[in-house]
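Reader: I am new to this structure, and I would like a close look at its interior. Please walk me through how the inside is packed and where space is left.

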Amino acid sequence: MAECKILIWSLHKIMLNIFKPLERNEVVVKSISEFGMSIDYNSQEDFDNIIKLYPADIVILYNVSRRGLTFIIPYNIIVVTYCDHYIEQFSLIGKNYFKLLTEKDFLYIPALNVERKDKDNVLKDNRINRQIITVPFVSENMDYFETSMKSEEDLIDSRFTSEVSVVASYADTGYYNWCFDLSKNTPYGRALMQFIGIIVLDIRKEIFKREMCVLDMEWINKLIIKIFDKFNIWEYSNNHDKFLEIWSNAVVENIVFHEYVYCIVKWLAESSIDFKVWGSGWERVPVVYNKAMGTVGEGSKDLDKIYRNSKISINPNVYMGIHRRVFEIIRNKCLWMQADSNVQNMSSDFRPYFNEGKSVVTFKNKEELFGNINYYLSHNNERECIISEASKVVKEMNWDMKSVVNNAFEIIIKKVCHIK
C-alpha cells in the first residue's frame, strides 16, 4: 500500500472505533477532545487549524450530507465520507445525494448492495460508481473481543439471560421526523409530520392484519395519495408523480421495515416465550415495557453478554440483512434468526453468503417466527450446527473489522494514487 496520511475528524466515537484497525505507517486517529482546542465540527476556521496541526492526504468525515458541512477543503486533500445512515439519506434524496461528489471524494458505505437503492440509475455513471466503496456492516468490537475475553465466565451474567433476544431501537414518529429532516417550523414540515403520524398507524394495522411484512406497493401508494389529498400536501410539489415516487420509496424503505421491527417485538412480547428486547424506546410501548431491558452500546461487552446468554437472537431488520449485530450474534455462539420479506432491494442481502437452514434461519411471517423458535429451542444439535456453519462463512469471507477496513482503504488509496 502507498504511504498516505489519514486524519479522522468526527464528533462520533463510532468513527474512531471503526477506523482504528487501519494498518498504516502514518495514521492520525484523533477524537475532538484530543485536538487541544474547542472544536466546532462545522467551522471552517477549526478545520483549517486542524489541517495545519495534522497535515493529511485523506480526511475521513462522518455523514457529511446530514451534518450540512459546507466548509472548503483544499483540492489536494481526498475526502472519504463514512455514510452510516445511507439508507435513510439515499431513499429520500436520490441522485442529489451525489450532487457534490467531486472526483476527489469517496463514499465509504457499510452496505453490500447499494445499487438496489439506486432509483435514479445514478450508479450507472462509471465515475461515481468508482468512488463508492461498499463494505460489510461489520462489528466495531470484533478484534477487542478476541483479546479481552479471558474465558467463557467473563460473559456469564444472569441479567442478560433469555432464550430469545432482540437488539433494536423502537422507532416512533420523532425518529421518522429526524430521518426525513422535517421541521415543524414550516407548513410543509408540519403537513408531512401529520402524514407520517397517520401512515405509521395504518401500516402497523396492516402488518398485524396480514401477520407478515407489508410490501404491497399498490396499497401503499393508495394510502399515501389518500393522506396527501386529506392534508393537501400536493401543493408543495410541482411534479406530483415524482413527489409520489419519492415518498413511496421513503415509506417502504424507512417506515415499513421499522414498523415490521415493532410488530415482531410485539408478537414476541405477547407470547409465552422467554424473551428480552434491548434498545431505546421500548419502555414506552405498553405491551413490551416489562420485556424492555434498556439501551446497550454498539460494540460493547454488554452486547456480547446479551448474545452469549441467549440461544436465539432475532434480526428484525428486513432491509439490512447483514447488519453489524449479525456478526456479534454469530461470534457469541448464538443462533441468528433473520426476518426475510424477500425484499429484492435489500442493501446488504444475506442470501448470497448464508444458506437458509444451514447457516441462518429465516422467517417471513408470524407463524414461521414462532415455529422456528420452538423448533430450534428444542433441537440443540441442529441449532449448534447452524451456528457452526455461520461461523465458517464469516471466517472464510474475512469479515473481521481489521480485514474489512484495510481492504477498503487499499482500494481507495490505489484510486487516490491514480487520480494524483
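Author: Let's start in the middle. The largest nonpolar core has 67 residues, where such a core means buried Ala, Val, Leu, Ile, Met, Phe, Trp, Tyr and Cys residues joined through side-chain atoms within 4.5 Å. F195, L268, W282, I314 and I373 have the most contacts inside this core. Its biggest contributor is helix α10 (residues 240-270), which gives 18 residues. Helices here are DSSP runs of H or I with at least four residues, strands are runs of E with at least two, and both are numbered from the N terminus.

A word on what you are looking at: this is a predicted model, in which local features need pLDDT of at least 70 and side-chain atom pairs count only at pLDDT 80 or more, while totals for chains, interfaces and linings use all residues. Residue numbers run from 1 along each chain as its sequence is written, and side-chain values use heavy atoms, with hydrogens and water left out.

W282 is a good place to pause. Setting aside residues up to four places away in sequence, W282 touches A168, S169, Y170, V261, Y262, V265, V277, V288, Y289 and A292; a contact means heavy atoms within 4.5 Å. There is also a second, separate core of 65 residues, and L16, F327, I329 and A408 are included in this second core. In soluble globular proteins, nonpolar side chains tend to be buried together.

Now step back to the whole chain for a moment. It contains 15 helices and 11 strands. Of its 420 residues, 56% count as buried, a word used for under 20% relative accessible area, with exposed meaning over 50% and partly exposed the range in between (1.4 Å probe, protein chains only). Among contacts between residues at least 6 apart in sequence, 70% join residues at least 24 apart. On the outside, the chain exposes about 18,800 Å², with 48% of that supplied by carbon and sulfur atoms; the areas come from the Shrake-Rupley method with a 1.4 Å probe.

Back inside, helix α12 deserves your attention. All of R324, R325, V326, F327, E328, I329, I330 and R331 in α12 are buried. With 8 of its 8 residues buried, α12 is largely enclosed by the rest of the structure. After α12 comes K333, in the loop that leads from α12 to β10 (335-339). The phi of K333 is near 60°, a positive value in a residue other than glycine. Another residue with a positive phi near 60° is E211, in the loop between α8 (187-210) and α9 (217-231); E211 is partly exposed at 36% relative accessibility. Most residues other than glycine have a negative phi.

What about the empty space? The count comes to 3 cavities of 30 Å³ or more. On a 1 Å grid over the protein atoms alone, a cavity is a set of points where a 1.4 Å probe fits but cannot get out, and lining residues have an atom within 4 Å of a point. Points are joined across faces, edges and corners, and volume is the space filled by probe spheres set on them.

The largest cavity has a volume of about 60 Å³. Around it you will find I18, Y82, Y108, P110, V135, P136, F137, V138, M401, V404 and V405. Helix α15 (residues 401-419) gives the most to this lining, with 3 residues. By type, the lining of the largest cavity has 11 nonpolar residues, no polar and no charged. Here Ala, Val, Leu, Ile, Met, Phe, Trp, Tyr, Cys and Pro count as nonpolar, Asp, Glu, Lys and Arg as charged, and the others, Gly among them, as polar.

The second largest cavity, of about 50 Å³, brings you back to α12. V167, Y307, S313, I314, N315, H323, R325, V326 and I329 line the second largest cavity. Two elements, β9 (310-315) and α12 (324-331), give two or more residues each to that lining. The lining residues of the second largest cavity divide into 5 nonpolar, 3 polar and 1 charged. Several names should be familiar by now: I314 is among the residues with the most contacts in the largest core, and I329 is included in the second core.

Methods
On a 1 Å grid over the protein atoms alone, a cavity is a set of points where a 1.4 Å probe fits but cannot get out, and a pocket is an open set with protein on both sides within 12 Å along at least five of seven lines; lining residues have an atom within 4 Å of a point.
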